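Student: I would like to go through this structure with you. May I begin with the overall picture and then move on to the details?

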Amino acid sequence: MTVEERLAAKEAEVRAQLEELTGAQEGHARAALARCLGESEPLVVDRSTAVTAHESLGRLLEEVRLARTRLDEGSYGRCAVCGGPIPEGRLEARPWATTCLRHG
């Protein structure tokens, strides 16, 4: 699988996770409306966790899109901070990495 294919697959995966998470949040909101405050406290915790997960997935999606842009521009594999090479092992593990180990 090429780097572009891996990045495209990761972007599709993250987008699907975001869509699933958004659907789950809507379901929790409806359930919370049907309950009194005391019974909905666990839902508040679930919502807080979901918001954090949504933010994390959003950042990951941005990183994947940036890596795809850098691939198109020819700067993929170079650190966005110092311009040095990103180790191949790092790119193998995280193809969306845009910084070397020192700046990551």
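Student: What share of the contacts in the chain with a separation of 6 or more comes from residues 24 or more positions apart?
Tutor: Such residues account for 53% of those contacts. Please keep in mind that this is a predicted model.

Student: How confident is the predictor, then, and which element has the lowest mean pLDDT?
Tutor: The mean pLDDT of the chain is 86, and 77% of the residues reach at least 70. Among the elements, α1 has the lowest mean, 82, whereas α3 has the highest, 96. As a general caution, predicted coordinates should not be read in detail where pLDDT is low.

Student: What elements does the chain contain?
Tutor: The chain has three helices and zero strands, so the order from the N terminus is α-α-α. Helix α1 covers residues 3–33, helix α2 covers residues 37–73, and helix α3 covers residues 88–93.

Student: How much of the chain is buried?
Tutor: Of its 104 residues, 28% count as buried. The accessible surface of the chain is about 6900 Å², and carbon and sulfur atoms make up 54% of that area.

Student: Which residues have the most contacts inside the largest nonpolar core?
Tutor: They are Leu-7, Val-14 and Trp-96, in a core of 15 residues. Helices α1 and α2 each provide at least two residues of this core, and α2 gives the largest share, with six. In soluble globular proteins, nonpolar side chains tend to be buried together.

Student: What does Trp-96 touch?
Tutor: Leaving aside residues up to four places away in sequence, Trp-96 touches Leu-7, Lys-10, Leu-60, Glu-63, Val-64 and Ala-67.

Student: Glu-63 is on that list. Which residue does Glu-63 meet in a salt bridge?
Tutor: The partner of Glu-63 is Arg-94, with an N to O distance of 2.9 Å. Glu-63 belongs to helix α2 and Arg-94 to the segment after α3, so this salt bridge ties together parts that are 31 residues apart in sequence. Arg-94 is partly exposed, with a relative accessible area of 32%, and Glu-63 is likewise partly exposed at 32%.

Student: How many salt bridges are there in the whole structure?
Tutor: The search finds seven. One of them pairs Arg-6 with Glu-92, whose closest N and O atoms are 3.6 Å apart. Arg-6 is in helix α1 and Glu-92 is in helix α3, so the pair links parts 86 residues apart in sequence.

Student: Are those two buried or exposed?
Tutor: Arg-6 is partly exposed, with a relative accessible area of 25%. Glu-92 is exposed, at 53%.

Student: What about Glu-11: which residue is its partner at 3.9 Å?
Tutor: Glu-11 forms that salt bridge with Arg-15. The two residues are four positions apart in helix α1, so about one helical turn separates them. Glu-11 is buried, with a relative accessible area of 10%, whereas Arg-15 is partly exposed at 38%.

Student: Which residues are joined into one network by salt bridges that share partners?
Tutor: The network joins Glu-4, Glu-11, Arg-15, Arg-65 and Arg-68.

Student: Where is Arg-65 found, and what does it touch?
Tutor: Arg-65 is located in helix α2. Apart from residues up to four places away in sequence, Arg-65 touches Glu-11 and Arg-15. Arg-65 is partly exposed, at 38% relative accessibility. The C-alpha atoms of Arg-65 and Lys-10 are 9.7 Å apart in space, although these residues are 55 positions apart in sequence.

Student: Changing topic, how many disulfides are there?
Tutor: The count is zero. Cys-79 is in no disulfide, and the nearest cysteine sulfur, that of Cys-82, lies 3.7 Å away.

Student: Why is there no bond between Cys-82 and Cys-79?
Tutor: The sulfur of Cys-82 is 3.7 Å from that of Cys-79, which is too far for a bond, because a disulfide requires the two sulfur atoms to be within 2.5 Å.

Student: Is Cys-79 buried or exposed, and how does Cys-82 count?
Tutor: Cys-79 is buried, at 4% relative accessibility, whereas Cys-82 is partly exposed, at 42%.

Conventions:
Residues numbered from 1 in each chain as written. Predicted model: local features only at pLDDT ≥ 70, side-chain atom pairs only at ≥ 80, totals over all residues. Heavy atoms only, no water. Salt bridge = Lys/Arg side-chain N within 4 Å of Asp/Glu carboxyl O. Buried < 20%, exposed > 50% of the residue type's maximum accessible area, 1.4 Å probe, protein only. Contact = heavy atoms within 4.5 Å. Areas by Shrake-Rupley, 256 points an atom, 1.4 Å probe, with all protein chains shown as cover. Core = buried A, V, L, I, M, F, W, Y, C linked by side-chain atoms within 4.5 Å. pLDDT = per-residue confidence, 0-100.
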